[in-house]
Amino acid sequence: MSRIGKKPIPIPAKVTITLDGNLVKAQGPKGTLERVLPENVTVRQEGDTLLVERANDNRLAFQQHGLCRTLVANLIQGVTEGFAKPMQIAGVGYRLQSDAKKLVVIAGFSHPVEIEIPQGVSIEVDSKPAPIAGTRNQQGFNFVVKGIDKQQVGDLAAKIRAVRPPEPYKGKGIRYTSERILLKAGKSGKK
């Protein structure tokens, strides 16, 4: 039995859960999220907790049990607290400009890169530069990707990072704040 899958999911007082077959809908102070679960897994409510159970004991049901429990728990966390992915951009002239619909990334290319921001996700950019940990006295800008859907937040953060991943010599690029970059030594001079 899945250790993650058998844990009950507590439902906070301000969240309303609606179960309709394989559709789980969570409504809370931050918004509404819904997810269709596979047929091998069922969800039932007991008081103020949700229990995720396997419909049968085949291999696919075992594989999906813990995953579905985590997906339902993420729905509840998203509508109550939301998700945030802190990131940094470092490099001379590297910066971000954000409005409600798109993000413009200026990261050393001959053109700015525009990224569409999906509905329900927002980006907060700090206007003041801050020192970047793990680099050689480098300044950069901090920004946070926020939203209620964990998958959308993670996808957008990965798309932004893919514009200019951090390089290993000076540490320039876009990175997650928790990411650690091992800097390499440059070439040594002539003898």
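**Strand pairing and two residue environments in a predicted model**

In the predicted model, Gln27 has Thr32 of strand E4 as its bridge partner. Gln27 belongs to the pairing between strand E3, residues 23-28, and strand E4, residues 31-36. The two strands run antiparallel and are joined by six bridges. A hairpin of two residues connects E3 to E4.

A second set of strands forms an open sheet. Its three strands follow the order E1-E6-E5, with antiparallel pairing. Strand E1 (9-10) and strand E5 (41-46) are the edge strands. Each has a single partner strand, so one side of each lacks a neighbour in the sheet. In general, the strands of a sheet pair through backbone hydrogen bonds, in a parallel or an antiparallel manner. Between E5 and strand E6, residues 49-54, the pairing is antiparallel and spans six bridges. Within this pairing, Val41 stands opposite Arg54 of E6. Helix H1 packs on the sheet and touches E1, E5 and E6. The direction of H1 makes about 160° with that of E6.

Helix H1 covers residues 59-80 and includes Asn74. The relative accessibility of Asn74 is 17%. Buried residues fall under 20%, so Asn74 counts as buried. Beyond residues up to four places away in sequence, Asn74 touches Phe83 and Lys150.

Strand E7 pairs with two strands, E13 and E14. Eight bridges link E7, residues 83-90, to E13, and the two run antiparallel. Ala84 has Lys146 in E13 as its bridge partner. The pairing of E7 with strand E14, residues 173-176, is also antiparallel and has four bridges. Here Met87 stands opposite Tyr176 in E14.

Val144 is located in strand E13, which spans residues 139-147. Its relative accessible area is 21%. The buried class lies under 20% and the exposed class over 50%, so Val144 is partly exposed. With residues up to four places away in sequence set aside, Val144 touches Ala84, Lys85 and Pro86, and also Ser122, Ile123 and Glu124. Ala84 thus appears twice: Val144 touches Ala84, while the bridge partner of Ala84 is Lys146. Val144 and Arg180 are 36 residues apart along the chain. Their C-alpha atoms are separated by 17 Å.

Methods
Residues are numbered from 1 along each chain as its sequence is written. This is a predicted model: local features need pLDDT of at least 70, side-chain atom pairs count only at pLDDT 80 or more; totals for chains, interfaces and linings use all residues. Side-chain values use heavy atoms; hydrogens and water are left out. Buried means under 20% relative accessible area, exposed over 50%, partly exposed in between (1.4 Å probe, protein chains only). Contact means heavy atoms within 4.5 Å. Two strands pair if DSSP finds at least two bridges between them. Axes are lines fitted to C-alpha atoms, for helices over the stretch in contact, and angles run from 0 to 180 degrees between N-to-C directions.
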